[in-house]
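Reader: I'd like to go through this model feature by feature. Could you show me how to read each one?

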Protein chains: 2
Amino acid sequence: MILEVAILQVKAGMTDDFEHSFKKASAIISSMKGYISHELQKCMEEDRKYILLVKWETLQDHTEGFRGSEAYLEWKSLLHHFYDPFPTVEHYEAVDLS
Amino acid sequence: MILEVAILQVKAGMTDDFEHSFKKASAIISSMKGYISHELQKCMEEDRKYILLVKWETLQDHTEGFRGSEAYLEWKSLLHHFYDPFPTVEHYEAVDLS
């Protein structure tokens, strides 16, 4: 399992529209192969800042499966115009703390 | 419930020691009032970068309860010397996607 992390900065005056569009986009990502779970969280200290956390079975499920899909075109058209700057996406693997 | 997020940059050559110390530190944070869960995840694209995600019942459980505790002195002495630069910690609240 891997964790996709994106810090999202939304343009001024657009946070309500962004959250509304994200609800629609949630149905898209949730239907993808290898998808496990996702959370959108809003920053308490900085206005218009969010973090998106998505768990995938493998890195390729995100980078090849999702990004190479027809569904990704719809995801992009719903969300990408809200961001400034355009976000960097990173992937993480859990450290075993046991 | 709130999410604490810290992006951690660990000094060169110290990642093994950091992960070892973090296992000890995990027992400290897990015993605090208001603690729900935590994950330490290692970045796949950038060496020596981690993300710490901690779920707390309230913001004050982290900022006042944990940071004001005796246990936090031990947490600091276990972990803070590994970081360069010293991390910024932010708090997030889940956006309702239903």
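**The barrel and what packs on it**

Author: Let's start with the barrel. Eight strands close up in the order β1(A)-β3(A)-β2(A)-β4(B)-β1(B)-β3(B)-β2(B)-β4(A), a closed barrel of 8 strands with antiparallel pairing. Neighbouring strands of this sheet are turned against each other by 35° on average, direction ignored. Bear in mind that this is a predicted model.

Reader: Then let's check the confidence. What are the mean pLDDT of chain A and the share of its residues that reach 70 or more?

Author: The general idea is that where pLDDT is low, the predicted coordinates should not be read in detail. Here, chain A has a mean pLDDT of 97, and 100% of its residues reach 70 or more. As for the model's overall scores, ipTM is 0.95 and pTM is 0.96.

Reader: Good. Back to the strands, then. How do I read the pairing, say for β1(B) and β3(B)?

Author: Strands of a sheet pair through backbone hydrogen bonds, either parallel or antiparallel. In chain B, β1(B) and strand β3 (residues 49-56) run antiparallel and are joined by 8 bridges. To get the register, look for residues that face each other: B:Val5 is opposite B:Leu53 in β3(B), and B:Leu3 has B:Lys55 as its bridge partner in β3(B).

Reader: How many bridges join β1(B) to β4(B)?

Author: There are 4 bridges between β1(B) and β4(B), and the two strands run antiparallel. One anchor for your eye is B:Ala6, whose bridge partner in β4(B) is B:Val89.

Reader: And in chain A, what is the sense of the pairing of β1(A) with β4(A)?

Author: Antiparallel: strand β1 (residues 2-9) of chain A pairs with β4(A) over 4 bridges. You can find the register from A:Val5, whose bridge partner in β4(A) is A:Glu90.

Reader: Now for the seam between the chains. Which strand of chain A pairs with β2(B)?

Author: That's β4 (residues 89-94) of chain A, which pairs with β2(B) in the antiparallel sense over 3 bridges. Look for A:Tyr92, which sits opposite B:Cys43 in β2(B).

Reader: How many residues are in contact across the two chains?

Author: On the chain B side, 22 residues are in contact with 22 residues of chain A. The parts of chain B that each supply at least two residues of that side are β1 (2-9), α1 (15-30), β2 (35-43) and β4 (89-94). By class, the side of chain B that touches chain A has 12 nonpolar, 3 polar and 7 charged residues.

Reader: On to the helices. At what angle do α1(A) and α3(A) pack?

Author: Two packed helices are described by the angle between their axes and the distance between the axes. For helix α1 (residues 15-30) and helix α3 (residues 70-79) of chain A, the angle is about 170° and the axes are 9 Å apart. That makes α1(A) and α3(A) roughly antiparallel to each other, because the cut-off is an angle over 145 degrees. The crossing of α1(A) and α3(A) is left-handed.

Reader: Which residues of α1(A) and α3(A) meet?

Author: From α1(A) come A:Ser21, A:Phe22, A:Lys24, A:Ala25, A:Ile28 and A:Ile29, and they meet A:Ala71, A:Glu74, A:Trp75, A:Leu78 and A:Leu79 in α3(A). Sorted by class, the contact of α1(A) with α3(A) has 8 nonpolar, 1 polar and 2 charged residues.

Reader: Where does α1(A) lie relative to the strands of chain A?

Author: α1(A) lies across β2 (35-43) and β3 (49-56) of chain A, and runs at about 160° to β2(A).

Reader: What about the helix pair in chain B: at what angle do α1(B) and α3(B) pack?

Author: α1(B) and helix α3 (residues 70-79) of chain B pack at about 170°, with axes 9 Å apart. α1(B) and α3(B) are therefore roughly antiparallel to each other, and α1(B) passes α3(B) in a left-handed crossing. By class, that contact of α1(B) with α3(B) has 8 nonpolar, 1 polar and 2 charged residues.

Reader: Finally, the backbone. Is the peptide bond from A:Asp84 to A:Pro85 cis or trans?

Author: It's cis, with omega near 0°, and A:Pro85 is in the loop between α3 and β4 of chain A. In chain B, the bond from B:Asp84 to B:Pro85 is cis, with omega near 0°, and B:Pro85 lies in the loop between α3 and β4 of chain B. Have a look at A:Arg48 too: its phi is near 70°, a positive value in a residue other than glycine. You'll find A:Arg48 in the loop between β2 and β3 of chain A.

Notes. Residues are numbered from 1 along each chain as its sequence is written. Chains are lettered from A and ligands numbered from 1 in the order in which they are written. This is a predicted model: local features need pLDDT of at least 70, side-chain atom pairs count only at pLDDT 80 or more; totals for chains, interfaces and linings use all residues. Axes are lines fitted to C-alpha atoms, for helices over the stretch in contact, and angles run from 0 to 180 degrees between N-to-C directions. Angles under 35 degrees count as roughly parallel, over 145 as roughly antiparallel, 65 to 115 as roughly perpendicular and the rest as oblique. A crossing is left-handed if the near helix is turned anticlockwise from the far one by less than a right angle, and right-handed if clockwise. Two residues are in contact if their C-beta atoms, placed from the backbone, lie within 7 Å. Ala, Val, Leu, Ile, Met, Phe, Trp, Tyr, Cys and Pro count as nonpolar, Asp, Glu, Lys and Arg as charged, and the others, Gly among them, as polar. Two strands pair if DSSP finds at least two bridges between them. pLDDT is the predictor's confidence in each residue, from 0 to 100.
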